[in-house]
Amino acid sequence: MFKKIMKGGHRKPSKSEANEPPSSYGPGSNVVVSHASRGALVQSPVTAATPQPPPMTSVEPLPLFRDVPVSERQALFLRKVQNCCFLFDFTDTVKNAREKDIKRQTLLELVDFIQSGASKIISESCQEEMVKMVSLNIFRSLPPGSHENTGQEPADPEEEEPYLDPSWPHLQLVYELLLRYVVSTDTDTKVAKRYIHHSFVLKLLDLFDSEDPREREYLKTILHRIYGKFMVHRPFIRKAINNIFYRFIYETERHSGIGELLEILGSIINGFALPMKEEHKLFLIRVLIPLHKPKPMAVYHQQLSYCIVQFVEKDYKLADTVIRGLLKYWPVTNCTKENLFLTELEEVLEATQPVEFQRCMVPLFQQIGRSLNSSHFQVAERALFLWNNEHIVGLVAQNRTVILPIIYPALEKNIQSHWNQAVHGLTTNIKKMFMEMDPELFEECQRQYEEKQARSKEVEEQRLLSWKRLAEAAAKRDGVGGGGEDHMITS
């Protein structure tokens, strides 16, 4: 996997300069290469066992691991790590070409070394230096998004060509090295957690805002593996992801990695034990449901819908909460979002039990009725397709005495006035289904509808008559006044 080096893009330049480590990551956040929490580790007996090589002033070729005795491999490992601490400007393909190639080959050797199982023989100090090198390379200031340069709204990621970081051929190998270190069965979790700590995890999460989809994919895999291996970090990771979501929902509505973070959470939710903790239910109510509100919801809706349905399948009692949450954020003028809501609603209803369905069916079918009458034919069709689902039809049939009176006016309105023939035909089929389901109830709903229409017609005629009388009275007063001053009618 690490040997497949993807080509870099050309749209945005990297800000890293040759031999100059980045001084900050993100606004107001300093990158700490030598973390304070690691200070005590220098005095540990294991760390002191590996002598530190003299600092390297330039990138230089080093022998292969297989060409040196086993006793010298840890020292060689440290020198190779030092080789990879030099940073270069990848926007200029000619500048430092030799040094870049040496660094690339060195990274490949390090990945091979860790993957081969040799990581079990490297000391804690070697592991610490390796994580420092990884931090130095990946924790950097991300280039500004296109909307930050132009002030325009961010474009649809599906329509816009993705940004490709020109330094990715080297970054990929650094990520691959980190991934192999994390997933290796030879990596001691008790040792590794001293370097893969909370500060490291937070900086990883910050990188999810990268516009390069290849980087986000690696970050997703690595963070998921860290969550699985380092149990002590799990509550912290969940809380940190929540904070990213809160900022996205209530402040910026701009973040490149929401979909990837939701993919991680989908796997985490799948592993929740029952009965579900209150913390997880609050996450559903305070984070997942409000994630339906932001404008770019379509970008991550598939992952969001999966998480929501996982909750309902885990605990069917949450169905009422989820459905009412969807109704709260139901789009009014965005037809694309409304189609997505209807698709998600069908998946939720498939996992909904009759008792929970009865709690929310009145407001639910009031909204479905409005969607049935949408002038956008795709929305109306999608709402009508709900009756193609046998489970939903079963729930409706059990509660038809409540649902049919709510939905019948919408069905009649479609048949009488909807412009789209497909919508007209589907509505006729559903109306026929209700007629066969309960003829007496159908006739009663039809009678009530006709009476209501007649009353509405009478009210409309009365309203028009009142306006006509008012106009006649005004005309008569104008005729009598003969051009005098205007007078206010007070009676």
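This passage describes the surroundings of Lys80 and the packing of helix 3 against helix 6. The model is predicted, with local features requiring pLDDT of at least 70, side-chain atom pairs counted only at pLDDT 80 or more, and totals for chains, interfaces and linings using all residues. Residues are numbered from 1 along each chain as its sequence is written, and side-chain values use heavy atoms, without hydrogens or water.

Lys80 lies in helix 2 (residues 73-83); helices are DSSP runs of H or I with at least four residues, numbered from the N terminus. Lys80 has a relative accessible area of 1% and is therefore buried (under 20%, with a 1.4 Å probe and protein chains only). The Lys80 side chain reaches the backbone oxygen of Pro63 at 3.0 Å. A polar contact (N or O atoms within 3.5 Å, one able to donate a hydrogen and the other to accept it) joins the side chains of Lys80 and Glu109 at 2.4 Å. Beyond neighbours within four places in sequence, Lys80 is in contact (heavy atoms within 4.5 Å) with Leu62, Pro63, Phe65, Thr106, Glu109 and Leu110.

Helix 3 (residues 97-115) packs with helix 6 (residues 168-183) at about 15°. Their axes, lines fitted to C-alpha atoms over the stretch in contact, are 9 Å apart. The two helices are therefore roughly parallel (angles under 35 degrees). Among the residues making the contact are Leu107, Leu110 and Val111 of helix 3 and Leu173, Val174 and Leu177 of helix 6. The residues of this contact comprise nine nonpolar, two polar and five charged.

Methods: Buried < 20%, exposed > 50% of the residue type's maximum accessible area, 1.4 Å probe, protein only. Axes fitted to C-alpha atoms, helices over the stretch in contact; angles between N-to-C directions. Parallel < 35°, antiparallel > 145°, perpendicular 65-115°, else oblique. Nonpolar A, V, L, I, M, F, W, Y, C, P; charged D, E, K, R; others polar.
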